[in-house]
Amino acid sequence: TTMMSCVAGLCDADMHVIALRFGLGLTLKETGAVLGIHRERVRQRQLRALRRMRHRYVDDLRVFAEDA
């Protein structure tokens with residue numbers, strides 16, 4: 001599993017938040033301004049996206065370990 005495959009599994013809205021926050025290094029407020037949403041909503045989307053990415057990564061590691 002690569003970072004790109006974890007990000008690719010996200011919905012478009014969450015993918016945009018991750019790209020702006022971690023790719024471009026924007027703040028919550030700046031990201032919200034770009035997307036037209038409140039900074040708190042950006043924080044919620046970021047948290048949800050990171051949880052989904054973490055879950056997907058852990059699941060893929062389990063499959064890899066079982067196949068080894």
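D14 has a relative accessibility of 0%, so D14 counts as buried. I start there, and I should say at once that this is a predicted model.

What does D14 pair with? R45, for one: D14 and R45 form a salt bridge, with the closest N and O atoms 3.0 Å apart. R45 sits in helix α4, while D14 sits in helix α2, residues 12–23, so the bridge ties together parts that are 31 residues apart in sequence. R45 is buried, as D14 is.

D14 also forms a salt bridge with R52, where the closest N and O atoms are 3.7 Å apart. This pair again links distant parts of the chain, with R52 in helix α4 and D14 in helix α2, 38 residues apart. Is R52 buried or exposed? Neither: the relative accessibility of R52 is 44%, so R52 counts as partly exposed, since that class runs between 20% and 50%.

These residues belong to a network of salt bridges that links D14, R45, R48 and R52. The structure holds four salt bridges.

Another salt bridge joins the side chains of E40 and R43, at 2.5 Å from N to O. Both residues lie in helix α4, three residues apart, which is about one turn of the helix. An α-helix has 3.6 residues a turn, so residues three or four places apart point the same way. E40 is partly exposed, with a relative accessible area of 28%. R43 is partly exposed too, at 35%.

Now the overall layout. The chain has four helices and zero strands, so to speak a plain α-α-α-α pattern along the sequence. Of the 68 residues, 25% are buried. Among contacts with a separation of 6 or more, 54% are between residues 24 or more positions apart. The chain exposes about 4,900 Å², and carbon and sulfur atoms supply 59% of that area.

Next, the nonpolar side. In soluble globular proteins, nonpolar side chains tend to be buried together. Which residues make up the largest nonpolar core here? There are six: C6, V7, L10, I18, A49 and M53. Helix α1, residues 3–8, and helix α4, residues 39–67, each supply at least two residues of this core.

Take I18 from that list. Leaving aside neighbours within four places in sequence, I18 is in contact with V7, L10, G23, Q46, A49, L50 and M53.

One of those contacts, Q46, deserves a word. Q46 lies in helix α4 and is buried, with a relative accessible area of 13%. Not counting residues up to four places away in sequence, Q46 touches V17, I18, R21, F22 and L28.

L28 brings us to helix α3, residues 28–35, where L28, T31 and G32 are buried. Where do these three lie around the helix? They cover an arc of only 100° around the axis, which puts them on the same side of α3. The face turned away from that buried side carries the exposed residues K29, A33 and V34. Just after α3 comes G36, with a positive phi of about 75°.

To recap: D14 is buried at 0%, and D14 is linked with R45, R48 and R52 in a network of salt bridges. The largest nonpolar core has six residues, and α1 and α4 each supply at least two of them. In α3, the buried residues are on the same side.

Methods
Residues numbered from 1 in each chain as written. Predicted model: local features only at pLDDT ≥ 70, side-chain atom pairs only at ≥ 80, totals over all residues. Heavy atoms only, no water. Core = buried A, V, L, I, M, F, W, Y, C linked by side-chain atoms within 4.5 Å. Buried < 20%, exposed > 50% of the residue type's maximum accessible area, 1.4 Å probe, protein only. Contact = heavy atoms within 4.5 Å. Arc of directions from axis to C-beta. Areas by Shrake-Rupley, 256 points an atom, 1.4 Å probe, with all protein chains shown as cover.
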